[in-house]
Amino acid sequence: MELTHHSRVAIVGGGPAGSLTAYFMLDIARSLDIHINVEIYEPAQFAAPGPKGCNHCGGIISETLVQMLAMDGITLPPEVVQRGLDSYALHTEVGSVRIHSHLPEMRIASLYRGSGPLHRTTGEEGEKVVYQSFDGYLLGLAVAKGATVHPYRVTRVFRQGNLPVVSAKGIEDRTYDLVVGAVGVNGGGLKVFDPSALPFTPPKTTKAFVTEVYLGWEGVNQYFGNTMHVFLLRMPRVDFSAIIPKGEYVTVVMLGKDLNKEIATQFLAHPTVRACFPAEVDLSLKACQCLPDVSLGMAAPPFADRVVLVGDAAVSRLYKDGNGAAYRTAKALAITAMIHGISKAAFTRYYRPACRALYWDNVIGTAVFLSVNLFKRVPLLTRGLLRLVRQEQAASIANKKMSLVLWDTFTGSNSYRSIFLRCLHPVFLARLGRASLRPAGDAVADPPEPPTTLAGGSAG
Ligand SMILES: Cc1cc2nc3c(=O)[nH]c(=O)nc-3n(C[C@H](O)[C@H](O)[C@H](O)COP(=O)(O)OP(=O)(O)OC[C@H]3O[C@@H](n4cnc5c(N)ncnc54)[C@H](O)[C@@H]3O)c2cc1C
C-alpha cells in the first residue's frame with residue numbers, strides 16, 4: 001500500500017501539524033520525482049484577529065524548533081516573530097529570580113497563531129506592530145510547495161471499500177488514497193472520524209486558560225521587554241503559568257487540571273502577578289480570552305490503513321513545545337508515508353516510534369512537574385532553588401546546572417528525560433542541598449536579588 005504518481009492525499013486541519021505534513025510530503029515527493037495531490041481542509045481564517053484565526057496557544061516557539069525549522073530551510077520572518085525572548089523571570093511565593101539564556105543564539109520566539117487578539121488596535125507605533133499569523137505562514141509554505149487549500153470544515157471521514165472518503169460542507173464527498181487527521185484537540189475535529197475509517201480512543205485532555213492584556217508597545221517594552229515571566233505559586237490545580245510579551249500585548253497562559261475563569265481571576269489578582277503590571281492596568285477578564293483543551297496523552301492507535309493522525313490529535317508534549325511535537329510527528333509521518341507506505345503495518349513500524357517517544361517523555365515530564373509542585377509547596381526547597389540560580393546568574397560559573405534545568409523545563413527546549421537525568425546528578429543534588437540548608441541572610445548563599453521586572457524592581 002503505497003503512494004504513487006497522482007495519488008490523492010487529504011489533510012484535515014491546516015494548523016502546524018497539517019501544514020508541515022503537507023510541506024514535508026511534497027518536498028520528499030519532489031526529490032523522488034513523484035507527483036502527488038495534497039489537499040488541505042482548513043476553515044480557520046488565519047488573517048483575522050481573535051477566535052476566527054486563532055489556534056489557542058501561548059505562542060512560544062522553543063529554540064530547538066527554531067533551529068529544526070531553520071535546518072529545513074524555514075526561517076520565521078520578522079512579521080511573524082513578535083519578540084525574540086532572551087531571559088525569563090521565575091516568580092515564587094518566597095522571591096523571584098531572572099534567568100538569562102546561556103548562549104546568545106539560544107533565543108525563543110513569541111508569536112501569534114492567528115492575527116493577534118480580538119479588537120486589537122492597528123498599533124500605536126503604526127507599522128512597527130505587525131500581526132502576521134504563524135499558522136498562516138506555515139500554510140502558505142505548504143501551498144508554495146504545491147498543496148491546495150479547501151476553506152471548508154470536514155464533517156465526516158468514513159471508509160468506502162478500502163478507501164477513505166472525506167465529507168465537507170461546501171463540496172461533494174471525495175475519495176482519497178490517504179487521509180491525515182491534523183485536527184488538534186479543540187473544536188471537535190476528532191469526532192469526524194467514523195470508526196469505519198479509524199477505530200481509536202482520542203488523547204486525554206484538560207482545560208487550560210489564555211488571555212491577552214493590552215499594554216501598548218512602550219508598556220510591553222517598559223514592563224516586560226524580552227523576558228517571559230513564569231510563576232510557581234501555590235494555587236490549587238495550577239501547574240504552570242506564564243506571561244509572554246509580544247508586540248503591544250502580553251499573553252497570560254495557565255496550565256493545570258480543569259482550569260476555569262474563577263481560578264484565572266484569582267491568579268491575576270495574586271500580588272506577585274499584579275506587581276508585574278503597571279498599577280493602572282485593568283486585569284479583570286474583559287479582553288480576548290479562552291479556555292482551550294490541552295492534550296495530555298496519545299490517541300490509541302493513531303492510525304489504520306490509509307488513515308493517520310498527526311500533531312496534537314495523535315500526541316503532544318506535556319505542557320510545552322506542542323508546536324515542536326507537531327513538527328516531529330509531521331516529519332516522521334511524511335517520511336513513513338512517502339518512503340515506507342500507508343498501511344497500518346508501515347505506520348506501526350516507522351511512524352509509531354516517533355509518537356511513542358513523545359508519549360514516554362511525557363511520562364517522565366509528569367514526574368518533573370510533580371517535583372516542581374513539591375518545590376512550590378516546601379519553602380526550604382523554593383529558597384534553595386532561588387539561591388542556587390542567583391549564585392549561578394551572579395557569578396560566571398561555566399556550568400549553570402540549575403539555571404539550565406529550569407530554562408529547559410519552562411521553554412520546552414529539551415526532552416523531559418534529559419532534564420530528569422540532569423536532576424539526578426550527585427553534583428546537582430549536593431549544590432541544591434547546600435543552598436537549601438544554609439541559614440537565611442548568609443552572604444554567600446544570598447547574593448543581592450536582581451530586578452525581575454523592568455519597571456518595578458523585583459516582584460514577589
Ligand atoms: C493554553 C495552551 C497554550 C499553549 N502554548 C504553547 C506554546 O507556547 N508553545 C507551543 O509550542 N505549544 C503550545 N501549546 C500547544 C500547541 O498549541 C499545540 O500543540 C499545537 O497547536 C498543535 O498543532 P496541531 O496542528 O496539531 O493542532 P491545532 O493547532 O489545534 O490545529 C488544528 C487545525 O485543524 C483545524 N480543524 C479542526 N477540525 C477541523 C475539521 N473538522 N475540518 C477541517 N479543519 C479542522 C482547526 O481549524 C485547526 O486549524 C499550547 C496549547 C494550549 C492549549
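## The sheet around β17

Strand β14 (residues 209-214) runs antiparallel to β17, and six bridges hold the pairing. Within that pairing, Thr211 has Val252 of β17 as its bridge partner. This is a predicted model, and a good place to begin a tour of it is this part of the sheet.

On β17 there is also a pairing with strand β16 (residues 238-245), again antiparallel, over seven bridges. Here Phe240 stands opposite Leu255. A hairpin of three residues links β16 to β17.

How many of the residues of strand β17 are buried? Eight of the eight, across residues 249-256, so the strand is largely enclosed by the rest of the structure. In a regular strand, side chains alternate between the two faces of the sheet. In β17 both faces are covered: Tyr249, Thr251, Val253 and Leu255 are buried on one side, and Val250, Val252, Met254 and Gly256 are buried on the other.

## The wider sheet and its edges

Stepping back, β17 belongs to an open sheet of seven strands, ordered β6-β5-β15-β16-β17-β14-β18, with mixed pairing. The edges are β6 (95-100) and β18 (289-290); each has a single partner strand, so one side of each is left without a neighbour in the sheet.

At the β6 edge, strand β5 (residues 87-92) is joined to β6 by six bridges in the antiparallel sense. One pair to look for is Ala89, whose bridge partner in β6 is Arg98.

## The β4 and β7 pair

Another antiparallel pairing joins β4 to strand β7 (residues 108-111) through four bridges. Gly84 has Ala109 as its bridge partner in β7. Strand β4 (residues 81-85) has four of its five residues buried, so it is largely enclosed by the rest of the structure.

## Helix α8

Helix α8 covers residues 344-377, and its 34 residues should span 50 Å at 1.5 Å a residue; the end C-alpha atoms are 46 Å apart, which agrees. Where does the kink in α8 lie? It is at Tyr351, shortly before the proline Pro353, and amounts to about 50°.

The buried residues of α8 include Tyr351 itself, along with Ala354, Cys355, Leu358, Asp361, Asn362, Gly365 and Val368. The buried residues of this helix pack against β20 (303-304), β21 (307-309), α7 (322-340), α10 (401-411) and α11 (416-423).

## Arg306 between two strands

Two of those packing partners, β20 and β21, are separated by a loop that holds Arg306. Is Arg306 buried or exposed? It counts as buried, because 22 C-beta neighbours lie inside 10 Å.

Leaving aside residues up to four places away in sequence, Arg306 touches Met1, Leu163, Pro164, Asp177, Leu178, Val179 and Ile342. Its C-alpha atom is separated by 5.9 Å from that of Ser343, although the two residues are 37 residues apart along the chain.

## Around the ligand

For anyone setting up a binding-site analysis, here is the shell. There are 41 residues around the ligand, and Gly15, Gly184, Gly189, Gly311 and Gly322 come nearest. The elements giving two or more residues to this shell are α1 (16-32) and α7.

Which element gives the most to the shell? The answer is α7, with five residues. By residue class, the shell divides into 20 nonpolar, 17 polar and four charged residues.

Terms used:
Residues numbered from 1 in each chain as written. Predicted model: local features only at pLDDT ≥ 70, side-chain atom pairs only at ≥ 80, totals over all residues. Expected span 1.5 Å × (residues − 1). Bend = angle between axes of the 7 residues up to and from the residue. Buried ≥ 20, exposed ≤ 12 C-beta atoms within 10 Å, placed from the backbone. Contact = placed C-beta atoms within 7 Å. Pairing = 2+ DSSP bridges. Near = placed C-beta within 6 Å. Nonpolar A, V, L, I, M, F, W, Y, C, P; charged D, E, K, R; others polar.
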